[in-house]
Amino acid sequence: MTSRELTALMKSSPVNCHKALVKEYGRYVYAIVYNKLRGCGTSEDIEECVSDVFAALFMQCEYDLSSENDLKYLIGTIAKRKAIDYFRSLSARGSHISETDEDDMRELVSDFSVDERVDRSELRRVLLDKIDELGEPDSTILIQKFYYNRNSKEIAESVSMTAAAVRQRCARAMDKLRTKLLEVGMGR
Amino acid sequence: MKEKNIFDVLENAEYDSMERLIDKCPEISDEQLEKIFVMSEKKFRKQRAEKERTKRDNSIKMTHGDVVEGVEHSKRPAWLTPLTTAASILLIAGIAIGSTAMLKRHTKPHGDGGITPAVTVTTSTGTGTNIVSTDENGSTITGTAVTTTTTTVTAKASDGKDNNTEETADTEFIKPFVGTWRYEMSSVNNLSIPESADYMGTVEITADAAYTMTDNSGNVTHGTISNAVEEIGGTRLQCLDFSSNEYSGTAFLTTRAYYVESRPYELHFGNSNIARLVREEHVETIETNWKSAYRKELVNLINAGTVFNDPMWDLQDIDGDGIPELFISSGTEKSDYVQIYYYENGNAIGINNTVQVLRFGDYGVTQISKEDHYIGYSYVDNIGVIYDLTRFEEHYPYNDMFIHYHQLDDPDDSPYGLNARPISEEEFNSWVSKFNSKNWISVGRQYYIGDFSPLLDN
């Protein structure tokens with residue numbers, strides 16, 4: 001959706017326009033907010049922050065939307081700023097995310113020792129590259145399992161497999177990833 | 001405690017890594033999207049209503065010749081006026097006849113000093129009508145008025161001499177205080193801050209040295225008042241001691257209230273300036289200016305409870321308009337910040353970019369450069385070295401954020417950014433030079449919360 005399309009939609013029906021924005025950019029905003037609040041907020045905090053982002057976006061649409069704006073960039077900027085605000089206040093409160101994953105897959109990933117001296121950006125790039133090398137659906141399963149904290153049943157729905165198959169693939173993919181990371185000198 | 005997870009390094013991702021994580025983000029269910037939409041819409045409507053209200057308040061300007069229109073007309077039945085007139089005449093006539101009968105009895109003593117039977121005087125305080133009457137046998141004549149409280153004083157049987165003089169003398173002290181009073185308490189324990197005075201109830205003091213208090217929840221308390229005098233530093237102070245007949249309802253802060261001649265409209269409880277009775281007709285004149293607006297903001301902060309860990313505040317004029325801005329610091333931790341308010345049309349308004357109220361600084365302080373009206377701060381975090389530079393002009397923040405990233409997803413990316421766009425090293429350095437050239441002073445934590453002295457005219 002471009003800013004011009006958005007402006008036109010706003011004129012015909014603001015509520016429908018808001019719905020369309022949430023539908024189109026909900027996942028995008030969620031991913032950005034999740035990335036910042038994953039370590040310090042609960043799922044309710046993340047939902048609150050996402051809804052704050054959209055409320056701010058609706059305000060911008062109502063009062064201050066220029067048709068020259070790059071909409072995706074604008075939404076991304078609002079999302080990052082709001083998420084940082086939430087991160088600050090949640091960190092100040094000292095709240096922590098609660099681990100609710102029911103199975104023991106997490107043990108697999110805790111074996112890695114992250115060397116804090118390694119540049120995190122490089123580490124991030126290498127990790128994502130190695131995960132991608134596993135191919136689909138393994139890369140999606142690992143990211144959704146260990147980064148997005150989804151359970152096997154939820155992942156099974158998104159990759160059209162059974163929960164048992166997801167667990168099995170996840171364990172094997174994690175073994176493969178461990179080997180790949182050892183080859184490049186990461187992990188122990 | 002959460003175990004170290006290698007996937008944690010994916011947090012705070014930028015650029016390409018973020019895009020890859022967005023691609024793999026699970027689909028959000030329709031129910032969850034609907035929930036987010038409903039929450040967002042609710043927050044949006046609230047923010048819009050707030051903004052519209054502020055806009056509307058700011059645009060109302062009454063001039064001398066303006067006429068208020070659109071007042072609702074009320075209709076009353078035509079027969080109501082003659083009926084109420086007739087009822088009033090009857091009531092007045094009743095009072096006149098009753099009073100005459102009583103006066104006659106007092107002017108004609110019973111013979112040769114015989115014993116007068118015991119008499120009960122009933123004083124009723126209610127809908128504005130007092131009825132005082134007895135017949136010769138000592139029976140009380142009751143009126144038609146609705147009564148809400150009754151105090152009964154029974155005079156001793158006399159030997160024919162009039163007891164009335166003695167009774168009047170006992171309650172003489174209360175005469176200057178008879179009437180309706182508001183009971184007020186300060187929410188910040190300081191009635192010098194007029195914005196902090198909360199209405200707690202209405203107190204009716206009657207000529208028989210009794211009182212009735214109706215608190216703001218509708219609870220009614222009755223009690224009596226006795227006379228007292230205190231001498232402080234050679235000055236005699238008139239005091240009233242309030243004694244409640246009940247244990248329910250709102251009690252006064254202390255039992256003793258003091259009267260000072262310089263403030264004839266007020267009876268204050270204790271010496272702490274926390275609670276007082278104010279005559280109903282007395283209207284406190286509060287000048288509306290930046291000081292009153294900022295006092296109100298600070299009172300709201302105190303009344304909101306423990307929003308911040310260790311708040312303090314400050315006054316500094318950033319934009320050089322002669323009216324200082326109010327700085328409220330949230331505490332002293334790394335994540336603590338400063339919110340800045342400016343004065344406009346009687347209100348303190350948080351500096352905002354129309355989307356959100358901005359927060360400045362870290363560790364609860366920020367820097368300002370008064371000469372050229374800038375707010376600025378810099379800090380280091382896991383993204384890089386971040387500079388935030390805001391020019392505050394005509395009550396709007398023109399903000400630039402420039403960053404030297406120390407992590408890059410793509411080695412080909414520029415490690416320098418301005419407002420989330422890549423820039424060259426030269427451009428970045430020129431922004432840093434601009435930042436460093438300012439005559440910064442660190443502000444935000446000059447006064448303790450509860451210290452209103454810089455905001456009081458005296």
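1. Before we start, one definition: helices here are DSSP runs of H or I with at least four residues, strands are runs of E with at least two, and both are numbered from the N terminus. With that in hand, chain A is easy to read: going from the N terminus, its elements run α-α-α-α-α-α-α-α-α. In other words, chain A has nine helices and zero strands. Please keep in mind as you look around that this is a predicted model.

2. Let us stay with chain A for a moment. Chain A has 188 residues, and 36% of them are buried. What share of its contacts with a separation of 6 or more comes from residues 24 or more positions apart? The share is 69%.

3. A good pair of helices to find in chain A is H7(A), residues 138–147, and H9(A), residues 163–183. Their axes lie 9 Å apart, and the helices pack at an angle of about 95°. Angles of 65 to 115 degrees count as roughly perpendicular, and H7(A) and H9(A) are therefore roughly perpendicular to each other. On the H7(A) side, the contact is made by A:Asp138, A:Ile141, A:Leu142 and A:Lys145. H9(A) answers with A:Val166, A:Arg169, A:Cys170, A:Ala173, A:Met174 and A:Leu177. Sorted by class, this contact has seven nonpolar and three charged residues, with no polar ones.

4. Now turn to where the two chains meet. How many residues does each chain bring to the contact? Chain A gives 56 residues and chain B gives 42. On the chain B side, helix H1 (15–23) and helix H2 (30–59) each supply at least two residues. The largest share of that side comes from H2(B), with 10 residues. By class, the side of chain B that touches chain A holds 19 nonpolar, 13 charged and 10 polar residues.

5. One helix pair lets you see a meeting of the chains in detail: H2(A), residues 14–37, packs with H1(B). The axes of H2(A) and H1(B) are 9 Å apart and the angle is about 120°. Is this pair parallel, perpendicular or oblique? An angle of 65 to 115 degrees would count as roughly perpendicular, and one over 145 as roughly antiparallel; H2(A) and H1(B) are therefore oblique to each other. Their crossing is right-handed. H2(A) contributes A:Tyr28, A:Ala31, A:Ile32 and A:Asn35, while H1(B) contributes B:Met18, B:Leu21 and B:Ile22. Six of these contact residues are nonpolar, one is polar and none is charged.

6. Chain B also has strands, and here is a feature to trace with your finger. Eight strands form a closed barrel in the order E3-E4-E5-E6-E7-E8-E9-E10, with antiparallel pairing. From one strand to the next, the twist averages 35°. To follow the closure, look at E3(B), residues 179–186, and E10(B), residues 275–279, which pair in the antiparallel sense over five bridges. Within E10(B), the residue opposite B:Glu184 is B:Arg276.

7. Further along the barrel, look at E7(B), residues 235–244, and E8(B), residues 256–259. These two strands pair in the antiparallel sense over four bridges. B:Cys239 has B:Tyr258 of E8(B) as its bridge partner. E8(B) is also joined to E9(B), residues 266–269, by three bridges, and these strands run antiparallel. Here the bridge partner of B:Ala257 is B:Phe269, in E9(B). A hairpin connects E8(B) to E9(B) through six residues.

8. Finally, visit strand E13(B), residues 338–344. Is E13(B) mostly covered or mostly open? Six of its seven residues are buried, so to put it in words, the strand is mostly covered. E13(B) pairs in the antiparallel sense with E12(B), residues 325–329, over four bridges. E13(B) also pairs with E14(B), residues 347–350, in the antiparallel sense and over four bridges. B:Tyr341 is a handy landmark: this residue of E13(B) is the bridge partner of B:Leu326, and B:Tyr341 also stands opposite B:Gly350 in E14(B). E13(B) and E14(B) form a hairpin with two residues between them, and B:Asn345 in the turn has a positive phi of about 50°.

Conventions:
Residues are numbered from 1 along each chain as its sequence is written. Chains are lettered from A and ligands numbered from 1 in the order in which they are written. This is a predicted model: local features need pLDDT of at least 70, side-chain atom pairs count only at pLDDT 80 or more; totals for chains, interfaces and linings use all residues. Axes are lines fitted to C-alpha atoms, for helices over the stretch in contact, and angles run from 0 to 180 degrees between N-to-C directions. Angles under 35 degrees count as roughly parallel, over 145 as roughly antiparallel, 65 to 115 as roughly perpendicular and the rest as oblique. Two residues are in contact if their C-beta atoms, placed from the backbone, lie within 7 Å. Ala, Val, Leu, Ile, Met, Phe, Trp, Tyr, Cys and Pro count as nonpolar, Asp, Glu, Lys and Arg as charged, and the others, Gly among them, as polar. Two strands pair if DSSP finds at least two bridges between them. A residue is buried if 20 or more other C-beta atoms lie within 10 Å of its own, exposed if 12 or fewer, and partly exposed in between; C-beta atoms are placed from the backbone. A crossing is left-handed if the near helix is turned anticlockwise from the far one by less than a right angle, and right-handed if clockwise.
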